[in-house]
Every structure is written in C-alpha cells, then in structure tokens.
Amino acid sequence: MNSAIVLIVDDEIPFIQALSKRLKKREFSITEAFSGSDALRILNERQDIEVVLLDVKMPGIDGIETLQTIKQKYPLVEVIMLTGHGTIETAIEGMKLGAFDYLLKPCEIEILVSKVNEASARKRMHEKKIIEARINRITKKRV
Amino acid sequence: MKESKTSYTRYQALNRNILFIIIFMSIAPMIFVSITIFYHFHSSYKEKVNAHLGELVLKHKQRIDLFLEEKLDAVTFLLHSSKPEKLLQEAALEEKLAILNGLSPAFVDLGIVNESGLQVAYAGPFRLAKVQYNDAFWLEKALANDYYVSDVFLGLRGHPHFIITTKFTWDSRSWILRATIDFNAFNTLVENLRIGETGFAFILNREGLFQTKPPVEINKEQIPNFWDRNNNRTDILNIENTQPNGDTFIYVASFLKNDDWVLVYRQTTRDAYSDLTRAQHLAIMIIIFAGIIIITLTLIFSRRIVTRIKKTDTEKEFMNLQVIESGKLASIGELAAGIAHEINNPVAIMVEEAGWIGDLLEEDELKSSSNLDEFKRSLEQIHTQGRRCKDITHKLLSFARKTDPSVDDLDVNALIEEVVALSAQMARHSHINIVTELQHDLPPISVSSSEMQQVLMNLINNALNAMEENGGTIKIISKLSKLEKGHIVIVVEDDGHGIPESVIPRIFDPFFTTKPVGKGTGLGLSICYGIINKIGGKIDVSSVVDVGTRFRVWLPYHITDHYRDTKPADQETGEADKTN
C-alpha cells in the first residue's frame, strides 16, 4: 500500500514541523497548513490529499468550521482531530460531524501512524467502491 | 472594624426605630382611648354625684319646709281652736303649750303680743311675761302678715331660736300668737345631712347669716351668693367654687321659706369625687402597668426582629460571598484551563521534537555514536516528563471543566483520586504524604461534581495547612457507612496540630477563621457544610490538639441498576465508620 498523503493543519508551526518530519520519515507524503483557510485553499488546489490532521483550537476559522467545510466539499477526505483535553467535547462534536477519529496532543507517534493508515485505507476503500459503482453503472448501460 | 461598628450602629438605629414605632402605635391609641373613656366617665360620674346631692338636698328642703309648715299649722290650729280672750290667760296658754309639746317637743314657749309689742301673756321656761317687744325686728313683719316665720336670733333669752307668729284680731285690735321653736330641734334636721368627711349642710338667710350651726367654722366670704346666681329660679343650684388656697368646694343649694332662706350643702370636690379619684388612680396605674408591659414586650420583640434581620443579612452576605467564591473558583478554573492549554502545546512540540531526535537516532550514522544509550535514556526521560506534564495539564483541564454545578451520578473514588492528584504537588512540597483507602464498587452519588470537588479540596487544604510546618500524613478513606444506612462516608484525617476544643463548635460558622487576616475567608468549611447539607448529607469533626483532626462526610447514595448487579458480597461486613 502506498503511503498516505497527509495534510497537517495547526497554528503551532514548530509542532507541524516536528510532526511532519517524523511522518515523512515514516514514508508519508506531508503537506503543511498553518490555519483553517490555508488548509481549505490547499485542499482546493490538490485533489490527492487523503487524510487531514486538524487541530481543533486555531485562530480564524477554527477546527470545527474547517471540518464542516472539508466534509461538505470533499466528503471522501478523512479528518483526524488533534486536541488538548480542554476541547475534548469539541473533538467529540467533530466525530459527530464526520471526523474519522480524534487524538489527544501530545500523542504517541505509533498511534498517530496507525490512525492515519486506517483513515487513508478507509478513504481508498470508499474511492474504490465509488469507482466500482461507476464501472458497474457504465457496464450496465452498455449491456 | 469600622464597618462592623457602622453595621452595629445601623442595627441599633433600626432597633430604635422599631421600638419607637411599636411603642407609639400601641401606647398612643391606648392613651387616646383611656383619655376619652376617662373624660366621659368623669363627666357622667360628676353628673351622677351632683344629681344625687341635688336629690338629697331637695329631700331635706322638703323635710324642713314640712317641719315649718307643721309648726305653723299647729300654731294656727291652736289659735283657731281657742277663744282669743282665753289665750290671754297664762294658765290656758300653759295648757296649750303642753298640747303643742305633745304634738312636737320643738315648741319652747308661747306668748301673746299686743300691737304695741307688749307680751301680755307668756307660757314657757323663761321669764318673759310682760316683756316689751316693740323694738324687736320681727314685730312689724308679724303685724303685717297673717303668718310669719322669723330668722334665727338670740333675742332676750340669749339662746338661738326662731319664732312662728300668727296674727288674730280680737276686741278690734291686732294680736300676735308667738311660738318659739327650739333651735336644736330645727338644727338636727340639717345636721343629719352629712356625707363623707367634708360634706355637711347649713341654712343661710338673705343677709348671709347662718340659720343653723355648721359643724365647722366657715368663712362667710368663701360662700357664694346664691340669690344672685339663681336667675332661672330652679329648685336646685349647683355651684363649684375654688378658694384662693386651691380648695374646691361643691355647693348644692335649694331655697326655703319663700326664698328667704337657702339650704346649702357643701363638700370638697376631693371628698365628693373620691371614688372618681380612686378610679382615676387605678386607671393611671393600669395604664402605667400596661405601658411597662408594652415597652418590655416591644423591647424583646424589636430585639428579636433585629436579630432575625441581622441573621438574614448575614446569611445574605454569606450567600453573596459564596457566589463570589464560586465565581472566583470558576475563574480560577478558567485560568487553569487557559494555562493548561497553553502549556499543552509547547509540551506537545517538545515531545514531537524528542520523538524526531529518537527517529534520527535510528539512522546508521548516529547508531555508532558512543553516547547512543545516553541519548536514548535522555529522550526517554523527555518522553516520560512530557507525559507527566500532559497528565497534569489534563487534570487541570478536567478540574476546570467541572465548575458547573449540574447534578450527576458521581464516582466518589474517582473524584477523590482526582483531587488528591491535584493536591499532591503541594503535599510533596510540605513533606506531607497523602494515603487513600478507597472501598471499591461504591454506589454513585447524585451530586454536582464541582461542588463535591470543592468540599474535598477544602478538607484536604485545611489538612495541608495544619501540617505545612512539620509534615505528616493525610489519610483519605471512602467506604459504605455502617452508622448511617444508605450513605457513603468519606474520612479525611491528618496528624497535624489539631483544633482547640473551644474552637470546634464554631468552625462551620461563616466568616470564622483562625488564619491570619487576609489568609482565609472563613468560608471554606461553611461552604462545605452548606453543600453537604443541601444534598442531605452531614459532616462532623473530631480533633485532639497536637494529635490530629478527622472530618467525616456522609453522603447519601442511590442504588443504580448497575450497582445492584455488581454489589460486592462483603459490603455489609465492612468496618464501622470510626477510624483510628
């Protein structure tokens, strides 16, 4: 399985930098965004993003709003919420809005890697199913 | 101090106002009603006394009139029943006197006086035969009228007496039959009219001369002129007269003998109205007594009201402070949350950076480094401390999150552990060890976790304060209560300096603190008490100075379905609440 293409969104630049280096070392393709609007712009430009690691508490458009927009515009992109304990309710709300999962910061890299992998696997599975459904529809039309 | 003095003055003023209003409201109507009643009673009593005296005087006047008429009738009868020439004989006159004396002993003597005033015949005890009366004041009036009753005079005999005369004609000349009436007999009629100590009667003629002998000396100047005052010609005259020396007399008068005489009854008002004065004194005594009772009751009542107001004010103030205190706690919670969140991000970065170094250490070129093990140990330490920071910030955040007082099913043990974890740092700093003995599977309690957290924090903080100098051990026990069925008991005991016995009864009082000014609000334990009381629990304290203090908190629990299913078998055999 190819490594997932991940977009990390957080206003803490050093955090993104450290995390992206570690994930890159684990063969993930990483793109960084430092705000919600940044993330939405990147998603608009690049269709290949599979998983978004989204911080809940950010200035400007916060995590929840960003999540809502992502799920509305790009329903197949999986979002993992990153949160401190204080905003755990927000993270749960995020789950209700369609986030794949949430992780408490700081988190163990192994757990993060496994969650990202699960998320990208689900995204790929969804895409695969959609493609299959389309092929089936086309095939049925021809028959 | 200044504030307490102001509030003391304020309550004193309130007390004074209440006192004044109640006393005024109760005493003013009482006095008004009393005065009105007394005024009416006074006038009607006076009226009654006057009417009674009037009646008495009228009766006596009638008796005197009757006496005079009787005597006159007797004399007239005597005259008409005898031949005139016979009356001139003294023996016959003696006989007539004896007859008259038989009718009434008041007759003293009888005499026949001719036109020139010579007493031609006389029968009686005095030597008055052939006495010349031509200078007597009565002769003219006796000759001018058919009948005449004289004023009292001494006359030739030198004894007070008065005479009744009847004129008759014989031998073409006018003659007078003169009968003397004993003064004493007449005087007795008036003397009988005596009431009280100062009430007596006497008779006056138009000249103001006494016709009877008053029992006491009377200055004639003091006596009002009744003839001048009787314009309406009434039967009875009532006069109240005040003397220059301040004595007030009642005069009740009635006219006699064709208004020539007046029968006067005189009594001092003090004597006449003595019953009224007694009633007045009694009424005043009752009013004073009632006044004292009213004032005493008002004093007690107003003091009670003010005490109650004071208590309500204190409670209100306490509530306000409690609200402020909760607000403070909530803001501390928010602050803690903010700090925790802010610290959490740098910690996350540090952990990630450490992780990155760890990743780099996996590379071959670094693996050969002689310090590899030391790097790894150091990184592990950063990881461990990072996790510790994370734990701390998460606990702080969880504390902050629970500031809402919404009631929820609460696991007591989890709460104790949470609070202990928060206090652990401070405890370590003061060399205090916190030990917990928590009974597993305790049923949940319905209580606001933030309030319960406040209770436990307060108890633990008090214990920490008691031991901050010398260190020691705080023991926290949770278990099912044996003493109070349906309750969980939490025991917080320390081996600190203890609480003096004299202080123990007051420790739950609001604003009571043994801490220096500014260090404690004196609200901690009273807030605990309030919270525990509110949920139907109770709290008690026992302490021995220099040995330690133990707080016990009983909290009612409710059995949930889950708890019933998993209830441990040995629960009922748990030890009693008392711990050593």
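**Close-up 1. A salt bridge between Lys538(B) and Glu484(B).** In this predicted model, the side chains of Lys538(B) and Glu484(B) meet in a salt bridge, with 3.1 Å from N to O. Lys538(B) belongs to strand S15 (residues 538-544) of chain B, while Glu484(B) sits in the loop between strand S13 (472-480) and strand S14 (487-494), so the pair ties together parts that are 54 residues apart in sequence. Both ends can be reached by the probe to some degree: Lys538(B) is partly exposed at 40% relative accessibility, and Glu484(B) is partly exposed at 25%.

**Close-up 2. A salt-bridge network with residues from chains A and B.** Here Arg22(A), Arg26(A), Glu352(B) and Asp359(B) are joined into one network by salt bridges that share partners. For context, a search of the whole structure finds 26 salt bridges over all chains.

**Close-up 3. Two salt bridges in chain A.** Asp38(A) pairs with Arg41(A), and their closest N and O atoms are 2.5 Å apart. Both residues lie in helix H2 (residues 36-45) of chain A, three residues apart, which is about one turn of the helix. Is Asp38(A) buried or exposed? Asp38(A) has a relative accessible area of 18%, so it falls under the 20% cut-off and counts as buried. Its partner Arg41(A) is partly exposed, at 41%. In the other bridge, Arg46(A) and Asp48(A) meet at 3.1 Å, N to O; Arg46(A) is partly exposed at 30%, and Asp48(A) is partly exposed at 34%.

**Close-up 4. Helix H12(B) and its contacts with H11(B) and H13(B).** Two packed helices are described by the angle between their axes and the distance between the axes. For helix H12 (residues 449-467) and helix H13 (residues 524-534) of chain B, the axes come within 9 Å and cross at roughly 140°. This crossing of H12(B) and H13(B) is left-handed. Among the residues making the contact are Val455(B) and Leu459(B) of H12(B), with Ile527(B), Cys528(B) and Ile531(B) of H13(B). Helix H11 (residues 412-429) of chain B also meets H12(B): their axes come within 10 Å and cross at roughly 35°, and the crossing is right-handed. Residues in this contact include Val419(B), Ser423(B) and Met426(B) in H11(B), and Met452(B), Leu456(B) and Ile460(B) in H12(B).

**Close-up 5. A nonpolar patch on the surface of chain B.** Phe289(B), Ile293(B), Ile295(B), Leu297(B), Leu299(B) and Ile300(B) form this patch, with about 530 Å² of accessible area together. Phe289(B) lies in helix H8 (residues 274-361) of chain B and is exposed, with a relative accessible area of 54%. As a backdrop, the accessible surface of chain B comes to about 32500 Å², and 56% of it belongs to carbon and sulfur atoms.

How values were computed:
Residues numbered from 1 in each chain as written. Chains lettered and ligands numbered in written order. Predicted model: local features only at pLDDT ≥ 70, side-chain atom pairs only at ≥ 80, totals over all residues. Heavy atoms only, no water. Patch = residues over 30% accessible without salt bridge, like charges linked within 9 Å, V, L, I, M, F, W, Y side chains within 5 Å. Areas by Shrake-Rupley, 256 points an atom, 1.4 Å probe, with all protein chains shown as cover. Salt bridge = Lys/Arg side-chain N within 4 Å of Asp/Glu carboxyl O. Helix = DSSP H or I, 4+ residues; strand = E, 2+ residues; numbered from the N terminus. Buried < 20%, exposed > 50% of the residue type's maximum accessible area, 1.4 Å probe, protein only. Axes fitted to C-alpha atoms, helices over the stretch in contact; angles between N-to-C directions. Left-handed = near helix turned anticlockwise from the far one by under 90°. Contact = heavy atoms within 4.5 Å.
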